[in-house]
Structures are given as C-alpha cells and as structure tokens.
Amino acid sequence: QHTAPGGDAQEFAPGRIRAEWTVALVAAYGSSIVGMQELQADQLDAIDRATAGTFEFWPGTALGGKGIPQSLMWKSSVWTATYTDSITIPFMDTTRPQPIVRLQHVATGREVYVMNVHNSPKDAQGREGERDKATAIEIAAIKQLRQQDGIPVFVMGDFNEHAEAFCKITGQTDLEAAQGGSNDGTCHPPSAMRVDWIFGSSDIAFSGFRMDTSAQVRRITDHAVLTSSVSVP
C-alpha cells in the first residue's frame, strides 16, 4: 500500500513490479531459504508466478491475511518441509503470527529450524513495549526449538532494533549473528548493524555475509538485504 496512489513511498515502483525484481535478486544470490517481511497478497502471488512454482511458502495464505507479511520461502528442490508452526506476537495494537518451519535438506537429510519475524516499528506512538514482549516470546520459542530436537535453529527478520535485539538474542540463547559481534556476558554488537538480522545457533558456521544496499536493492526496498552462506553439521 505504500506505493499505491496516495501512499507514502511514491518514489518506488508498484509493489507487484518490485516483487518480480525481488525474484531476480534472490536468483542472483542463489538463495534457497528466504524470509520476507511486509509482503502483501498481490506480491506473494507475483513471486509465486515469477519463480514458476520452484519455491514453497509458509504460511503464505494458510493463516489468513495476517500470516502473509512474514512468509518464508524455500526452494523445493533443495529443501522439504517436515513441520510447520507459528508463534503469535503483539504487533501494532493487534497480533500477528510469525512462522516456524523445519526443513530437511534433500541431498543430505540434515534438518534445520527457521523462524522469520517482524517486530513492531519505531513510530511516533512508541512501541518499545510491544517489541520487548515480542522479543521475549521469540526467545522462548528459540529455547524450546533448541531443546526439543537438537537441530540447528535460524532466526531472521526485521526486529526494528539494533544493539538491543542483538544483545537480547545472543545473551539469552546460543544464537550468533551472521555479521559477527560477540556476547560473553558483556555484549559487543557488530560494527555494522541494521534493524534486520540473521541469527543462527552455535552449531553452524556462517560465511560470506553480505549487507546489500546496491542500486538493485534500493529500487526494491528501503531496507538492506542480508544474505549469508551456512555450513550445517
């Protein structure tokens, strides 16, 4: 709606077109798992059509309109979903589901959990309380996932926080940020931070992290796009 007539982002192309450009960007990265935020129904349809059914989505439309914005997508030739779930967080005076999927790598049989989140924005009303509650719910879910199957856990998304999100996630779980930083009881956030993050549990290895703000990205979104390669034991 931001680029529709009367919207607040008229300098951007319409949402459907930007969704198609997003598919080209994903293909250029070679990404097989992607977390979306603020996705809308027409964009979900555009991405599905542009990828010619080679990606699966959760929740897509399965949880109604509230679930679409945080949809995860994965390349079905690389990953098979073995379990889907969601958690519910406070968001902009209402609630929204945040998806969780367990994916099995087709070639190796290895499995991972992936959670995709979008916490309330920093707007004029002030939503620190909503973000704090949401982060606490997400941390509890991370801990439960780590305990129940012993497989790696990834969390990605728009936390609308910089150091605070990093310090809470890395301080209360064994997750680490793809771009570095450390937390040994004293929090040392990475030097480069946006509100978007990729976190992974300590039993994996990140490499090739990129925070893309290229012209190709800037015509699609006002955020950076984060990517990383991952080695799973």
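Visitor: Buried or exposed: which word fits aspartate 93?
Guide: Heads-up: this is a predicted model, so local features need pLDDT of at least 70 and side-chain atom pairs count only at pLDDT 80 or more, while totals for chains, interfaces and linings use all residues. Residues are numbered from 1 along each chain as its sequence is written, and side-chain values use heavy atoms, with hydrogens and water left out. Buried means under 20% relative accessible area, exposed means over 50%, and partly exposed is in between (1.4 Å probe, protein chains only). Aspartate 93 has a relative accessible area of 68%, so the word is exposed.

Visitor: Where is aspartate 93 found?
Guide: Helices (H or I, at least four residues) and strands (E, at least two) are DSSP runs, numbered from the N terminus. Aspartate 93 has a positive phi of about 70 degrees although it is not a glycine. Its place is the loop between strand 4 (79-91) and strand 5 (94-105).

Visitor: What is the phi of glutamate 38 near?
Guide: Glutamate 38 sits in the loop between strand 1 (33-35) and helix 2 (41-50). With a relative accessible area of 38%, glutamate 38 is partly exposed. Its phi is positive in a residue other than glycine, near 65 degrees.

Visitor: Which residue does a cis peptide bond join to tryptophan 58?
Guide: Look in the loop between strand 2 (55-58) and strand 3, where proline 59 lies. Omega is about 0 degrees for the cis bond, and tryptophan 58 is joined by it to proline 59.

Visitor: Why do the buried residues of helix 4 line one face?
Guide: The buried residues of helix 4 (residues 163-172) are Ala165, Phe166, Ile169 and Thr170. Seen down the helix axis, they line one face because they fall within an arc (taken from the directions from the axis to the C-beta atoms) of 105 degrees.

Visitor: How far is cysteine 187 from cysteine 167 in space, C-alpha to C-alpha?
Guide: Cysteine 187 is in strand 10, and it is partly exposed, with a relative accessible area of 23%. Leaving aside neighbours within four places in sequence, cysteine 187 is in contact (heavy atoms within 4.5 Å) with Phe166, Cys167 and Ser182. Cysteine 187 and cysteine 167 are 20 residues apart in sequence, and their C-alpha to C-alpha distance is 5.7 Å.
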